[in-house]
Each structure stands twice: as structure tokens, then as C-alpha cells.
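Student: Please give me a close look at the salt bridges. Then work outwards to what lies around them.

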Amino acid sequence: MKVVGQGLPRVEILEKVTGESVFGADVRLAAPILIGKILGSPHAHARIKSIDARKAERLPGVKAVVTAQDLPPVKYGRFVRDEEYFAHKKVRLVGDKIAAVAAIDEETAEEAIKLIKVEYEVLPHFTDGVEAMREGAALIHEEYDQYQALSMVEGRKGNICYHKQTVQGDTNRGFQEAERIFEHSFYAPMVHQTYIEPHAVLARVDASGKATVWVPTQAQFFIRASIAEIFQLPLIKVRVIPTEIGGGFGGKMLPTIEPAAVALARKSGMAVQIVMSRAEDFQVANPRTPCHLRYKTGVKLDGTIMAREVELVFGTGAYCGNGLVICQRAEMLASGPYRIPNVKIDLFCAYTNHANCGPYRAPSGPQISFASESQIDIIARELNLDPVEMRLKNAIEEGDTTPACGGPLKSVHAKETLLKAAEAAGWKERRREKNRGRGIALGYWLVGGMASSAGVKLNEDGTATVMTGVIDLSGTVTSLGQIVAEVLGVELDDVHVRTADSDFAPHSTISAGSQALRSMGSATKWAAEEVKKQIMEVAADKLEAEVSDLVVEGKRVYVKGSPERGLSLGQVGQLSLTHKRGPIVSIQSVSIFPNQPAISAHVTDVEVNPETGAVKVLRYVAAQDVGTAINPLSVMGQVQGAVIQGLGQALTEECIFQNGRMINPTFLDYKIFSSLDAPRVEVHLVEHAAEDGPFGAKGIGEPSIIPVPAAVANAVYDAVGVRISDLPLTAEKILMAIQEKNKSG
Amino acid sequence: MARRTKRIRVTVNGERYEKEVSPSKSLLDFLRMDLNLTGTKEGCGEGECGACSIIMNGKLVDSCLILTVEADGQKIQTIEGISRHDRLHPLQKAFAEKGAAQCGYCTPGMIMAAKYLLDHNPSPTAEQVLKAIAGNLCRCTGYGSIVDAVLSAAKER
Ligand code: FES
Ligand code: FES
């Protein structure tokens, strides 16, 4: 392969390094733009007694004030229709939207927000899923049983918005056959994606009533559908123009401020921009679901896992939102990348009074791996087994299944990935040093795929243009270009590929779940292959040759064995315009993809300061099964970035709530890794072309964050002999545990 | 509404501007809104992320923490001012080649911080680069590729 497999810079990189790229808050129009602000609830759970916005409306400079009355009375939600865009009866989280204003400048908008008077009757609130599920807890949605919900949403009752039990084999028998049984509980708190670009939107409604929305989103077609639903408009009356996106990590998929901007634009007749402050973004965007995890695992003394029971309680937030996506994922991942004959998984998704949790890079993955892989480590130590050996003994192989994975798994390289990490880290030849430790963990992810379509056209000069609506987070768009260049025998520079908007792009998958490249890449590759066929068809007529005798290569099409008997792609492009078949173009679609395992294995060395409990990450080795790396530069970048993001989740990050309000919504108090905290990440790829996926590529972005918290927790234990079972592993917690241990030891 | 304004003069990327501004407007907003120089980004507005880094009178500053009126009479350089006539600054080239910009949102600020470093220390060590960008948060890259880019740009210059 010539272009696929090259670590080429991203196609849009020059705009990025020069500051030319247009992000969400950078859109400018010829017409003036109003500034929009949202009034959010100060209470986590309260009944609204009255809303009075008259004073705000009268403030000079205010052009529109909108409340629930300005929208059709629509309840929406992907799984459960439990959400109304503006609250009018009840608020269910701090920041629940009540009204929005648009004014000539920010100061006026802020003043107007303060003039809106709302009377509340405060109700008891829950920010913890287990508490919300208790018998007799105040209901967050009293009328939950009247909501419409998809039939797959099982077990709705009170504050439980989903409960599902999955069984494989017979765990009772499995535990009987086991020689040791281990039970542990873990907790992973809410953490936030903290993309550096806060949510931002610009909306305009034209004279025909069509709304145009510029927004950095991972899911332009989903945002379009959501806006259309909230305003009861046909899809062609909403145009979403995705801007460059300053990071998403799952947090920019659900509608947040977009409908408010549209409502304000419609009412004021002007363009309206809303940009979230960092604090608002922390408080109301869609963070990672906090999770209580219980693992019960039965093993033989040789380490063979006989049975595993898992109970997970997710606190999903005030509305179901994408909560079920996280649960569906958890169902697949909960028992780990292991061959276990008897498994039972209980999943609970509880309403809680905080932001709707959404997908965050590998939804449920790091929480599950933290619990599951911490416990595997505990078991290995108890049984005097090497943690690598214990995992090797149980790891899945080709043709194995895990719960809800959808059939025998193909392209499984768990053991090789594990061994690669262990070998690269020098697992066997380590020297023991005081307060230093080493930990290993496996990450399990299943890459699916989603309905996607993409087009390729050959231009009259032999260059090609890709028509896609996929959002570029991880370099996907560049990879699509590489795929097309490879198929058509041209260079990446001969291919134009950028994300088109919802009016012009064929339907594209969301950019999430590490499936965007697999889905879009497959559609794009087929379209490119179809274009190649058309090129040969046109050329065959001109060259008076058989199609089967033609070769497309080096920007030319020629007769096999006699390169001089050929045409340039430019000539073919020209010819096609007068040829009976017409312009060369193809749009192809894909929809169904079997789940594909993408395994990561991480080894880290840490040093724990016994006086303070602080952890320093000395070394980090990440191995990952990537199938084929279409663009190794992007792949490496994904893995490195994910590991550092995961280290934040392991060591420092946590959304802390008081009375339902996040009390640390700043970078000062919510500490993500800076350059001074971040170790160098050594990345090792396991490359075997996967059975399907374009050129054998697998998904990259999610697997690489999954094992991080567990690897760190295992290393900390190895260093100082304390086991922390709730994230993050802060210095205080570790120090307390060390002191505790010294007292009792 | 009539609000109090103040007339200021600034030089931005070599261009002289004279404008009426509100005394409470941040330099970041002034650059982005009044001059339409949107290359400089806002990530927090509180001096904690470095997305808004610019160079003012030879100093690296967070433009979100500076009032426009404080910039009166000053010389300012932003990301838009560091490449000349299609010629990329070596840092820009290196960031592109090393994969040091993924989403690209931190990139303008990051490049300004790196430029400030190289202006004062033309051949830094990796440690020194890590220190120099400590006030610039990046959520995508994990920083390794950024360090590589800065070191390679230093060699180029
Ligand atoms: S926007 Fe200025 S430091 Fe974050
Ligand atoms: S490249 Fe995305 S924040 Fe740095």
C-alpha cells in the first residue's frame, strides 16, 4: 500500500496552525449577531411556582426572551421521552434551562437574565444513583410511567430508568465449582470530558423559517433531528453546519444550547450566538456517568475464572438522554475480555439530580476496567499468580464470545496485545525499589458500526473529491482521503476531503464509539472502488481494451503490460463528460457491522511519596490491537492523548457536588493533566488486518483510555500495598490508606 | 444603551488600530470581536488554560485576563501575525508535521507559548519545553508530540 499506512499530517492542519480554522465561537456573519444567555435553575430539584420575564423583556438592548411558552409542547429523548427543552413545571438539576435571552451585548444579556424572576418550591434531591434508587425516595419524574419509551428500555420504575439482567451460563453452579470467591465494590465518580473549546453555537432563522445552526458537534445529523423534533419542523427546515470542533470526547452529541439559540433567533429575527462559560460547561454538559460497581468472581486455584457476577449502578442524571448507550456498552464490557462460562450482569440506570450524563470516550469502559482489572490483580496476588499469567489464562481468543457481544468474535488479539505490553515494559526483568510499583491492566472494547454513506467524485482534472458529513475528531477525514487515494492510485494531495453540512452531505454516522472510520471508511472505500470501475469503463472504450486488462495506478489508467497505452485520470475525467455514462461519481451506503474486539494492554510504573501519598507516573507503556493503522501519526496521537486523559481520571479528576451544584467547575479545581504531570507514553501497535473494516482498520480512540485507572491503581498497590477502590486516587486517599495500614500492620 | 467607552491605540501584528472600547472589555474579546482576529481562543476566561495566549510587548500573557484599556499603546502579536506571506513559522511547520495539533483549539496559544520560549531560549531542552507550556492545557495530544514539535522547530531555526 502506498498512501494507507503513511503517517501523513491531517488535511486541515495548516488552517489549525495558522489560527484560520473556524471553531464554534469563531463564526462571523455580515449581519449583526446578538449574544444569547440561558437562565438555569439554582436548585437541583424544585417545583416551579411562577416565572416572570416581563422586566427582562423591557430592558433596553434585549431583543428576545424565550421560555417554554415559545416552543411546541414536545417531550423528547432518544430512549425515553422524559425531557422538555425549557423547564416550566419542575427543575431537575442545577442549570436546568428555564429561559433564554438575546441582547445586543453580553452585559445586557446578563443583566436581563438577572431580571427574570422565578419562584421555586425546593424538593429533596439526589446526586447519587444508589440513594435515588432507595425505596421511598422522592421521585425525580413523578409521571415516569406515562412517558413514551423504546421497548428495549426494560425495568423502568420510580427513579430507576432502566434495569436489565443479562445471564450467560449459571453463576450459582460456577461459584460451586470455584475454589475461591472474591467480592469487591468500587466507585468511579463523575468526570468531565473537558474539551478545551466550550460548547458554542450560532443560529439564524431566515424568512422561509429555515433554521441554520453553526455548531461544533460530533453528530450533525443527530443535532439536526433533535432541533427538528423540538421545533416540530421537517428536517429540510434545519441546516446544521458543523464548525471545526475543539475536542468532543463524547460530550458534544446531545443538544444543549442549540435549541435556545434557534428559539431566540426565531423570536428576534436576528442571528444569535451562545457560548457556554467553562463553569456552565462543567455544570450542564454531558459528563461521564458516575458508577457504583460490585464484582463477585469465582476462580480455581490455578486462576481459571469460573463465574462472575457484576452489579453496576449508573447515576444517569436528570433525564435519560444517552444513558442507555452507556448501559448497553456496559453490558458488553462488564465481564472483561475473558472467557468466563458463567456470567450474570445487573445493570441499573438511575435518575439523579445532576447533568444528563452522556458518552465520554469509551462510555463505561474505564469505570468497568478499574473495577474488573483491580479485582483480577487482587485475585492474582491472593493466588500467588503472576498478573500477566492470570490474564493470559483467561483472555478471549478467536471465536470466543462475551455477554451481548453478538456472536463469535473475530480478529481477537488479546493475548498478543497483553504480551506485547508486558515485553515492552520489561515485565519479567524488573528490579524492586522502595515506594515504586508496576501495574498492568487490560482494556476491552467492541467496535461496532453505524449507518453511513459517503460519496466520491472524479473531477475533470483527475483529482477526486470526497463527499462526507462525518465530523473529524481523530483524523478520520484525513484517513478517508488516504483510503480514496489508495484505491484510485493517487496521492493524498490529489484528494479533497472536508466535512460538508447536513444539507449537502450524505447521511453520516456520529463520530463516537471508535466506529466512525470503520463505518465511513467502508462506505468511502466502496464509493472509491465504484469510481475506479467507472474510470476503467470510460477508459476501456477510449483505449479499445477490456476493462479487466486495465490498471489504475500513478494517476493513470493503462493497459496491463503496456503503460504507454493509457490515459491520465484528468483525461478520463474530461472524457466522462462526453461519454455515454456521464460524470464519474458514486455514493455508497453501509449499515450493519458485527462487533469487533479492540484490546488495549497498559503497563505503568509509578512512585508513591509515602509522606504525602502523591503519585508520580514514571513510565507508561500502551499496547493496542489496531488492525491496520491507516495513519500511524493519528493512531499514535490518539493513544497518547487518551492515556493522559485517563491518567487525569485515575489520579486527579472528579466533579464534586454540594447541594447538587458542582463546586469545582474551574481548571484550577478540576485538575486535568498539564505538561508537567504528563509522562511520555510509549505506544506499541499490534497490527493484523481485521476481517472487516477498511483495509483492515479497527477503532482506536476509545480502547486506549480504558485500562488507565486500573493500571495506575494496580501500580499504586504494588508500590505501597494499599488498594484504593474509589477514583480518583488522590494523594489524600492514598496517604490515609498508608497510615491506616501502618497502624494495623 | 450608552456605556462609557475609552479610546485606545494598539499595534496588533504590525497594524495600528485606534478604537473606542468599553473599559470592562477583555483584550481577548477585543481581538476576537472588534478586530475579528479569531485565531486566539477562549477556553476558560479565567487565566487557567492558556488558549488565549498572546505576546504583548515581548511578554507571554493570557489575553483573557487583560483589559483592553491596559493594552493602550502596546505592541501585540497573535497567531495570525507569526507567519509572513505564506511562509509558515518553523513552529507552525513542526506542529503540522509532528501531529502536535489534533483538534487544534489549544494550538494557537500553544504556538505562542512555544514562540515565546524560542525567542528567549533558541535551543531548549525537553524539560524546558514542558515548563514553558505548563500554562497551556491540551486535552488531545498528551503533550508529547508538542514537545517534539517545539524541539524540532528549534533545530530548524
Ligand atoms: S481563556 Fe485565557 S487562560 Fe483560558
Ligand atoms: S489539540 Fe485539542 S486541545 Fe490541544
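Tutor: Start with A:Arg54. This is a predicted model, and in it A:Arg54 is exposed, because its relative accessibility of 52% is over the 50% mark. Its side chain meets that of A:Asp52 in a salt bridge, 2.9 Å from N to O. A:Asp52 has a relative accessibility of 27%, so A:Asp52 counts as partly exposed. The two partners therefore fall into separate classes: A:Arg54 exposed, A:Asp52 partly exposed.

Next take A:Arg47. Its side chain forms a salt bridge with A:Glu121, at 3.9 Å from N to O. The cut-off is 4 Å, so this pair still qualifies. The pair ties together distant parts of the chain: A:Arg47 belongs to strand S2 (residues 46-52) of chain A, A:Glu121 to strand S6 (residues 117-122), and 74 residues separate them. A:Arg47 is partly exposed, at 31% relative accessible area. A:Glu121 is partly exposed as well, at 36%.

A:Arg381 gives another picture. It pairs with A:Asp377, the closest N and O atoms lying 3.2 Å apart. Both residues sit in helix H10 (residues 365-382) of chain A, four residues apart, or about one turn of the helix. How exposed or buried is each partner? A:Arg381 is partly exposed at 32% relative accessibility, while A:Asp377 is buried at 2%. The pair also belongs to one network, built from salt bridges that share partners: A:Glu373, A:Asp377, A:Arg381, A:Arg391, A:Arg430, A:Arg432, A:Asp718 and A:Arg723. Over all chains, the rule counts 61 salt bridges.

Why do such pairs form? Side chains of opposite charge can pair when their charged atoms come close.

Now the chain boundary. Four salt bridges cross the interface of chain B and chain A. One of them joins B:Arg139 to A:Glu653, with the closest N and O atoms 2.8 Å apart. Polar contacts between chain B and chain A come to 24 residue pairs, both residues at pLDDT 80 or more. On the chain B side, five helices each supply at least two residues: H1 (27-34), H2 (90-97), H3 (107-120), H4 (126-132) and H5 (144-156). H2(B) gives the most, with four residues. By class, that side holds 22 nonpolar, 14 polar and 13 charged residues.

How much area does this interface bury? About 3,900 Å², with carbon and sulfur atoms giving 57%. In residue terms, 49 residues of chain B are in contact with 54 of chain A.

Helix H16 of chain A leads inwards from there. One of its residues, A:Gln640, touches both chains. Its contacts, leaving out residues up to four places away in sequence, are A:Val681, A:Val683, B:Thr141 and B:Gly142. A:Gln640 is buried, at 18% relative accessible area; the limit is under 20%, so it falls inside the class.

The helix as a whole fits that picture. H16(A) covers residues 632-651, and 17 of its 20 residues are buried, so the rest of the structure largely encloses it. At 1.5 Å a residue it should span 28 Å, and its end C-alpha atoms are 28 Å apart, which agrees. At its start, a side-chain oxygen of A:Asn631 comes within 3.0 Å of the backbone nitrogen of A:Leu633.

A:Leu685 meets this same region from strand S28 (residues 681-686) of chain A. Beyond its sequence neighbours up to four places away, A:Leu685 touches A:Lys420, A:Gln624, A:Val626, A:Ala629, A:Val635 and A:Met636. A:Leu685 is buried, at 14% relative accessibility.

One last stop is A:Gln515, in the loop between strand S19 (495-499) and helix H14 (516-543) of chain A. It is buried, with 4% relative accessible area. Its side chain makes a polar contact of 2.6 Å with that of A:Ser519. Leaving aside neighbours within four places, the residues in contact with A:Gln515 are A:Val447, A:Gly448, A:Gly449, A:Met450, A:Thr509 and A:Ile510.

Methods:
Residues numbered from 1 in each chain as written. Chains lettered and ligands numbered in written order. Predicted model: local features only at pLDDT ≥ 70, side-chain atom pairs only at ≥ 80, totals over all residues. Heavy atoms only, no water. Contact = heavy atoms within 4.5 Å. Buried area = accessible area lost by both parts, 1.4 Å probe. Polar contact = N/O pair within 3.5 Å; in protein donor to acceptor, adjacent residues only side chain to side chain. Nonpolar A, V, L, I, M, F, W, Y, C, P; charged D, E, K, R; others polar. Expected span 1.5 Å × (residues − 1). Buried < 20%, exposed > 50% of the residue type's maximum accessible area, 1.4 Å probe, protein only.
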